[in-house]
Amino acid sequence: MLQLQVIRDHKEQIITALKKRNIDALPLLENILDLDENRRSLQAKLDNTLAESNKLSKEIGMLFKSGKAQEANVLKEKTGVLKEESKTLNEALSSKAEELQALLYQIPNIPHESVPAGSSEEDNEEIFKEGEVPALVENALPHWELAKKYDIIDFELGVKIAGAGFPVYKGKGARLQRALISYFLDKNTEAGYTEMQVPHLVNEASGYGTGQLPDKEGQMYHVGADDLYLIPTAEVPVTNIFRDEILNEKDFPIRYTAYTPCFRREAGSYGAHVRGLNRLHQFDKVEIVRVEHPEKSYQALDGMVEHIKNILRELKLPYRILRLCGGDLGFTSALTFDFEVFSTAQDRWLEISSVSNFETYQANRLKLRYKDENGKSQLAHTLNGSSLALPRVLAAILENYQTEDGIEIPEVLRPYTGFDSIS
RNA sequence: GGAGAAAUGGCAGAGUGGUCGAAUGCGGCAGUCUUGAAAACUGUUGAGGGUCACACCUCCGGGGGUUCGAAUCCCUCUUUCUCCGCCA
């Protein structure tokens, strides 16, 4: 959420910047500024009424104390009127404030200056590419065929138990999955991230804090009986650790990592693009989250990108990095880099990580602040990234590491799997 | 799930109807002293809104109520603790 003060001061810049997202923000912003002015004048009136009422109350107290009950009773009459007035004002104020809040939630984050304009993923900018695309073995299979051939993932079984999009990992498939989780967590820990285990269900306030609510309500599973949401990403519980916190500058940098399952309703499309592990309702992910000083956040973002590059190099997967264009950029993000691995057998790129700087957008919703050197409260910057999303990494490994005889396990994972190949 | 107790500033902990945004201690920050540090002493130290700056307003777990006036009384919800029950 953008700060009102920023909207007041930089209306034109915001409008220009949001054009990159193909949004004409002018009517919305004007509406907001009008409401804001309205709200403030109501607030001022209410404050004055309350001030007067407070003053009278004090006088009444004094009069009673000095035994002048009659005079006190005269004043009491007056306060009745003020009370009515303040009640009316207060109601008007609440409704304005609510209206204003609802509009503020509708403005997405301002894209970073480096974000290219564009309307769809076509316009994302490839900024880096590395790794060899392996030569295909003859009769190379996509991962869903391999999964069946080696009996390591059972999609039909998941359908029976839960529904489409809830695969069952079996035997070495399950073990490989667990190996990846451990490996990612170890890499993150080595890089200075503290491992956390967090709730997989969150309350409404947390959903609002990181921006899943109210904009993307339908994407989360909602547990109605208890009014909780299944997390779509560990970003939600981990970032909300800092909701309503005021940090000290010396607390920075804050680096957390967490493994969680992720749940997404995504009533998405059908076909090859969502086959197998490509898109699921439940999947595993290891996430990294950082809370940073505003001056250091882009440096932190670069650090995260380097870190993930490093992991993909070790896994020897061919990958590229995209700078998301305005049209593809997430609602809450200022700058996002997507990592995609090349899946040989599917002959396409698979998104396996998304690394973003939210600047103060989430922090404003979270009320996540720090004390600057002058002792003033300032909003911190939040960032997060996947390191990594499991299913597509698994898909890429299965497809790219397949041989005539089976599937090789990447060198770095062998200490974790305890086996060298799946056959 | 049943019975009882509690929820106050970064922490601990007073405050049971008026001048209380809240005693006191610890912690934090600044200063004095010191070559430096510690100790001691002095001052300062919650958040948000509002203002050019003041004034002023709101907030003592959340919501509602009583009252001229609520941290303090009432209702309700949530959470925590103790006891009982159930349970991986």
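Buried means under 20% relative accessible area, exposed over 50%, and partly exposed in between (1.4 Å probe, protein chains only). By that yardstick Y183 is buried, with a relative accessible area of 3%, while Y416 is partly exposed at 25%.

This is a predicted model, in which local features need pLDDT of at least 70 and side-chain atom pairs count only at pLDDT 80 or more, while totals for chains, interfaces and linings use all residues. Residues are numbered from 1 along each chain as its sequence is written, and side-chain values use heavy atoms, with hydrogens and water left out.

Back to those two tyrosines: Y183 and Y416 form an edge-to-face aromatic pair. Rings of Phe, Tyr and Trp (its six-membered ring) pair if their centres lie within 6.5 Å; planes under 30 degrees apart are stacked, over 60 edge-to-face, and the rest tilted. Here are two such pairs:

| Pair | Type | Centre to centre | Between planes |
|---|---|---|---|
| Y105 and Y208 | tilted | 5.3 Å | 45 degrees |
| Y183 and Y416 | edge-to-face | 6.0 Å | 70 degrees |

In total, the structure holds 9 aromatic pairs. Ring pairs also link F128, Y319 and F339 into a cluster. The charged end of K309 sits over the ring of F128, 3.8 Å from its centre; that label needs NZ of Lys or CZ of Arg within 6 Å of the ring centre and within 35 degrees of the ring normal.

Now for the RNA. Some 19 residues surround RNA strand B, with D47, N54, S57, K65 and K371 the closest; a residue is near a strand if one of its heavy atoms lies within 4 Å of it. Sugar and phosphate make up 65% of the strand B atoms that come within 4 Å of the protein.

Conventions: Chains are lettered from A and ligands numbered from 1 in the order in which they are written.
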